[in-house]
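Q: Could the terms used for this structure be explained, with the reasoning behind each of them?

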Amino acid sequence: MSLQTISVDASSAAPSPPEPAAPVLVGTQVLSAAAARRRALLDRLAPPLAFAALLALWEGACRVFAIPSFLLPAPSAILAALVATPVSSWADHAGATLRVALMGYALAILVSVPLAVGIATSRFLRRTLYPILVVVQSTPIVAVAPIIVVTLGASDLPRVVITFLITFFPILVSTVTGLQTTPEELIELSRSLRAGRTREILHVRLPFALPHLFAALKISTTLAIIGAVVAEFVAAEKGLGFFIAYATSNFRIPTAFAGLVVLVAISLGLFRLVGWVQTRLAPWSLPKSER
């Protein structure tokens with residue numbers, strides 16, 4: 001075998017050097033693949049790390065300054081109260097609050113969306129009905145809640161009505177805004193194709209209103225929980241609002257904070273649920289960064 005053949009075989013058997021990782025475009029910066037992975041990991045870990053730092057600061061301040069638990073309980077005391085309360089009690093109170101919140105939330109959607117379509121497409125309704133709705137929304141619900149309870153009784157009905165009154169207006173305003181931002185040329189095109197008013201609303205206006213509608217639905221999940229709790233503060237024998245009021249009246253502040261933690265968990269769960277529904281039913285309505 002000649003020397004040239006041996007040199008050729010050795011060069012072909014030698015491993016090729018690894019190719020450098022392709023750069024990744026993040027915003028307006030060009031990063032390497034490793035830097036992009038580190039940045040993505042930091043983006044995922046930043047919120048829980050910030051929350052953990054806040055809890056640690058809270059715990060440390062309560063211990064260093066010896067703050068009494070009836071003024072500001074430490075996170076460890078809140079966790080102890082959360083664990084000490086029976087699961088059956090949490091399920092009973094949380095179920096009552098969630099039932100009222102979902103009923104008021106569903107009623108707000110059923111009323112607000114058709115009403116928004118009417119206001120967006122009818123100048124008469126926009127000039128007559130919209131100012132009345134603004135006046136109703138401007139009335140403090142906390143002041144009206146006792147009157148509603150006295151008028152409708154002590155059942156779930158007044159609590160659902162109070163939740164509805166707090167929840168429906170953001171859905172209404174956002175849906176009207178989305179319906180009115182539909183490009184005029186698309187509306188003229190649908191009319192030139194002899195599309196009726198129903199098709200114009202369903203196939204042209206509503207798709208453009210979906211981003212606004214889902215944004216309002218996400219916000220209204222927290223408002224529904226607030227409405228249910230406000231109603232339970234006024235008149236209730238069960239629910240997380242009643243639970244917090246009862247614990248506060250007995251100076252069991254860590255237990256009241258534990259009830260607040262459960263309320264926040266429910267609100268976050270409903271918020272994420274609406275986001276999941278949007279992702280499954282209308283992913284195109286999400287920003288490109290969230291698809």
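**Helix contact, pockets and confidence**

A: In this predicted model, the axes of helix α4 (residues 87–121) and helix α5 (residues 123–138) come within 6 Å and cross at roughly 125°.

Q: Why is α4 called oblique to α5?
A: Angles from 65 to 115 degrees count as roughly perpendicular and those over 145 as roughly antiparallel. The crossing of α4 and α5 is at roughly 125°, and therefore α4 is oblique to α5.

Q: Which residues make the contact of α4 and α5?
A: From α4 come Leu115, Gly118, Ile119, Ala120 and Thr121, and from α5 come Arg123, Leu125, Arg126, Leu129, Tyr130 and Leu133. By class, the residues of this contact are seven nonpolar, two polar and two charged.

Q: What makes Gly118 count among the polar residues of a contact, and Arg123 among the charged?
A: Arg is listed as charged, whereas Gly is counted with the polar residues.

Q: What is the class make-up of the lining of the largest pocket?
A: The lining has 13 nonpolar residues, no polar and no charged ones. The pocket has a volume of about 330 Å³. Of the 13 lining residues, Phe51, Leu55, Trp58, Ile78 and Val261 are the closest to its centre. Phe, Leu, Trp, Ile and Val all count as nonpolar.

Q: Which helices each supply at least two residues of the lining of the largest pocket?
A: They are α2 (33–64), α3 (75–84) and α11 (253–281). The largest share, five residues, comes from α11.

Q: What lines the second largest pocket?
A: This pocket, with a volume of about 170 Å³, is lined by Leu102, Tyr105, Phe214, Leu217, Thr221, Ala224, Leu270, Leu273, Val274, Val277 and Leu281. Helices α4, α9 (197–234) and α11 each supply at least two of the lining residues, and α11 gives the largest share, five residues.

Q: How do you know which classes are found in the lining of the second largest pocket?
A: The lining divides into ten nonpolar residues, one polar and no charged. Thr221 is in the lining, and Thr is not listed as nonpolar or charged, so Thr counts as polar.

Q: Where does pLDDT stay under 50?
A: The mean pLDDT of the protein is 83, and 88% of the residues reach 70 or more. Over residues 1–14, however, pLDDT stays under 50, and the model has two contacts beyond four places in sequence for them. Residues 24–28 also have pLDDT below 50, with eight contacts beyond near neighbours in sequence. Where pLDDT is low, the predicted coordinates should not be read in detail.

Note on methods:
Residues are numbered from 1 along each chain as its sequence is written. This is a predicted model: local features need pLDDT of at least 70, side-chain atom pairs count only at pLDDT 80 or more; totals for chains, interfaces and linings use all residues. Side-chain values use heavy atoms; hydrogens and water are left out. Axes are lines fitted to C-alpha atoms, for helices over the stretch in contact, and angles run from 0 to 180 degrees between N-to-C directions. Helices (H or I, at least four residues) and strands (E, at least two) are DSSP runs, numbered from the N terminus. Angles under 35 degrees count as roughly parallel, over 145 as roughly antiparallel, 65 to 115 as roughly perpendicular and the rest as oblique. Contact means heavy atoms within 4.5 Å. On a 1 Å grid over the protein atoms alone, a cavity is a set of points where a 1.4 Å probe fits but cannot get out, and a pocket is an open set with protein on both sides within 12 Å along at least five of seven lines; lining residues have an atom within 4 Å of a point. Grid points are joined across faces, edges and corners, and a volume is the space filled by probe spheres set on the points. pLDDT is the predictor's confidence in each residue, from 0 to 100.
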